[in-house]
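Here are some exercises to work through with the viewer open. Try each task before you read its solution.

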Number of protein chains: 4
Amino acid sequence: MTAHDSTYRLLYRDVDQMGVLYYSRYFELMEMGRTEWARSQDFIYSDMEKNDGLLLAVINANCSYKASLRFDEIAVVRTSVKAYTRATLCYYTEIFEQESGRLCAAGEVELGCLTTDTLTPHKLPDSFMEILRRTAPDGYGRRKRT
Amino acid sequence: MTAHDSTYRLLYRDVDQMGVLYYSRYFELMEMGRTEWARSQDFIYSDMEKNDGLLLAVINANCSYKASLRFDEIAVVRTSVKAYTRATLCYYTEIFEQESGRLCAAGEVELGCLTTDTLTPHKLPDSFMEILRRTAPDGYGRRKRT
Amino acid sequence: MTAHDSTYRLLYRDVDQMGVLYYSRYFELMEMGRTEWARSQDFIYSDMEKNDGLLLAVINANCSYKASLRFDEIAVVRTSVKAYTRATLCYYTEIFEQESGRLCAAGEVELGCLTTDTLTPHKLPDSFMEILRRTAPDGYGRRKRT
Amino acid sequence: MTAHDSTYRLLYRDVDQMGVLYYSRYFELMEMGRTEWARSQDFIYSDMEKNDGLLLAVINANCSYKASLRFDEIAVVRTSVKAYTRATLCYYTEIFEQESGRLCAAGEVELGCLTTDTLTPHKLPDSFMEILRRTAPDGYGRRKRT
């Protein structure tokens, strides 16, 4: 299971009046993590939308909150693929504070592949499947277990 | 189990390039739903912070996405309390599109009561416990089941 | 000059660690104000996009900040059209805190009409021009003065 | 006038249904630019809040929109200080698309220094004034001209 780390420094816009990252913002960091994970494997998500007419729509998302992230701290977003099928995949993301290394949150986002025009389920592009086989070798056919 | 409906009309700021409500925004609607649910029971969350020195911090959050919400549509956010203990509670929220009535998403958010100054776990205020007993009579002592 | 008031209660997501509405969020309230101003004149912005293939793109925006808006307070967003031409218009918005009536911010947003497909400048729909003539009778041909 | 470039790759969360950066988001990029400009001068904004009990509150903000920024493009945020007094300063920011170099927006944000506890106007910290003198040598005493 190949994980990729991307980073983001928290702005004023990201924190609430308790001075900590607002809970829905963790899902935005997970989006950044997913895109950068794919890019680290030479897969450009925006090209898939443009060239293949396919998109990934979120089916399920969850997050478990363990510690706070504060203004001006750097979030390390560690992303990997936990499981996949021919038409869905499930990312697993851990979010750390960079300096202390403390784990702040962990979550999963399950996505399904759809055609851009009719939003019909569709199998993932072959090039993406190859990446999934390479980076998450035992994942094929496994669905997210809850 | 007493549910409360609040509504929100989607703005341009809320939708992504597929023209649908971005996935983390559903958690923002759930926040609106929680605050308005409490207000409908004459409990003002901001007063709890100011007068009791207590806040509610999110422990877990999840959402299951079933259909899209589009720009200018009205989201109906149906909120109730699913379970609670002396120091935690779990909200259950369903989000519908108003005109068609279609269910777009359902999710749970579990919160823990903390002191504002030291962020130490603390039991919920008595006035809030009374509301929980009245509106979710079987919930005491039950935790969120997953 | 016909003004329209719409309201929005501030959520946790809207305030920063000083407990006040984050400065870019005022522009989101102005978007709400513009849409609701048009709706109050029976003009549905989303219909223009769908039926006329036209959209309004922001050319300039400014805001002057005078007082804070806090969590759980209600913003009153007072919107009117300050000036317009055949293909552009300029909204003027004041944002008040409802209970005290204090003025928190005032700003202008100038928009230009474009075709949805090629993003070419285009004159505003006739039905919208009629509303502009009725609600801002002296505005024709006037541009925003700074 | 010393300018500093910081970069940000656009996420799905940032773009609206036209596929372009939503207009209020430009002000969030400007916030990133301001913080990183100060950091490039070894001034950490969050330390000022913690150690000096001072904050910078936005007084005026404006943005002129010239071209679109799209999903997955990288915004280059070029920030400098245009003018300052003993207790206020005005940033000037240009936002470019990295690959093409096209100018997408330009704007100014004027901020005033306040005490964190009573929100009373206060002169800027000496260490910050030194940076302003060094990087914007002609700016002292000049206010933003509109």
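How many residues does the contact take from chain B and from chain A?

**Before you start.** This is a predicted model, in which local features need pLDDT of at least 70 and side-chain atom pairs count only at pLDDT 80 or more, while totals for chains, interfaces and linings use all residues. Residues are numbered from 1 along each chain as its sequence is written, and chains are lettered from A and ligands numbered from 1 in the order in which they are written.

**Exercise 1. Take apart the contact of chains B and A.**

Step 1. Two residues are in contact if their C-beta atoms, placed from the backbone, lie within 7 Å. The contact takes 15 residues from chain B and 15 residues from chain A.

Step 2. Assign the chain B side to elements, which are DSSP runs numbered from the N terminus (helices: H or I, at least four residues; strands: E, at least two). Helix H1 (25-40) and strand S2 (54-65) of chain B each supply at least two residues, and S2(B) gives the largest share, 9 residues.

Step 3. Sort that side by class: 9 residues are nonpolar, 5 polar and 1 charged. Here Ala, Val, Leu, Ile, Met, Phe, Trp, Tyr, Cys and Pro count as nonpolar, Asp, Glu, Lys and Arg as charged, and the others, Gly among them, as polar.

Step 4. Check the symmetry, superposing by least squares on the C-alpha atoms of residues with pLDDT of at least 70 in both copies. A turn of 180 degrees and a shift of 0.0 Å along the axis lay chain B on chain A with an RMSD of 0.0 Å. In chain B, Asn62(B) has the C-alpha nearest the axis, 2.0 Å from it. The copies meet through the same surface, because 100% of the interface residues of chain B are also interface residues in chain A.

**Exercise 2. Trace the sheet that spans chains A and B.**

Step 1. Strands pair if DSSP finds at least two bridges between them. Strand S2 (residues 54-65) of chain A and S2(B) pair in the antiparallel sense over 5 bridges, and Ala61(A) stands opposite Cys63(B).

Step 2. Follow the order: the open sheet has 10 strands, S1(A)-S3(A)-S4(A)-S5(A)-S2(A)-S2(B)-S5(B)-S4(B)-S3(B)-S1(B), with antiparallel pairing. Its edge strands are strand S1 (4-9) of chain A and strand S1 (4-9) of chain B, each pairing on one side only.

Step 3. Look inside chain A, where strand S4 (residues 88-97) and strand S5 (residues 103-115) pair antiparallel over 9 bridges. There, Ile95(A) has Ala105(A) in S5(A) as its bridge partner.

**Exercise 3. Describe how chain A meets chain C.**

Step 1. This contact takes 9 residues from chain A and 9 residues from chain C. On the chain A side, 4 are nonpolar, 3 polar and 2 charged.

Step 2. Chain A is superposed on chain C by a rotation of 180 degrees with 0.0 Å of shift along its axis (RMSD 0.0 Å). That is the relation of a two-fold axis.

Step 3. Which residue of chain A comes closest to the rotation axis? Gln17(A) does, with its C-alpha at 1.9 Å.

**Exercise 4. List the contacts of Tyr26(B).**

Leave aside the neighbours within four places in sequence: Tyr26(B) is then in contact with Leu21(B), Cys63(B), Ile95(B), Ala105(B) and Gly107(B).
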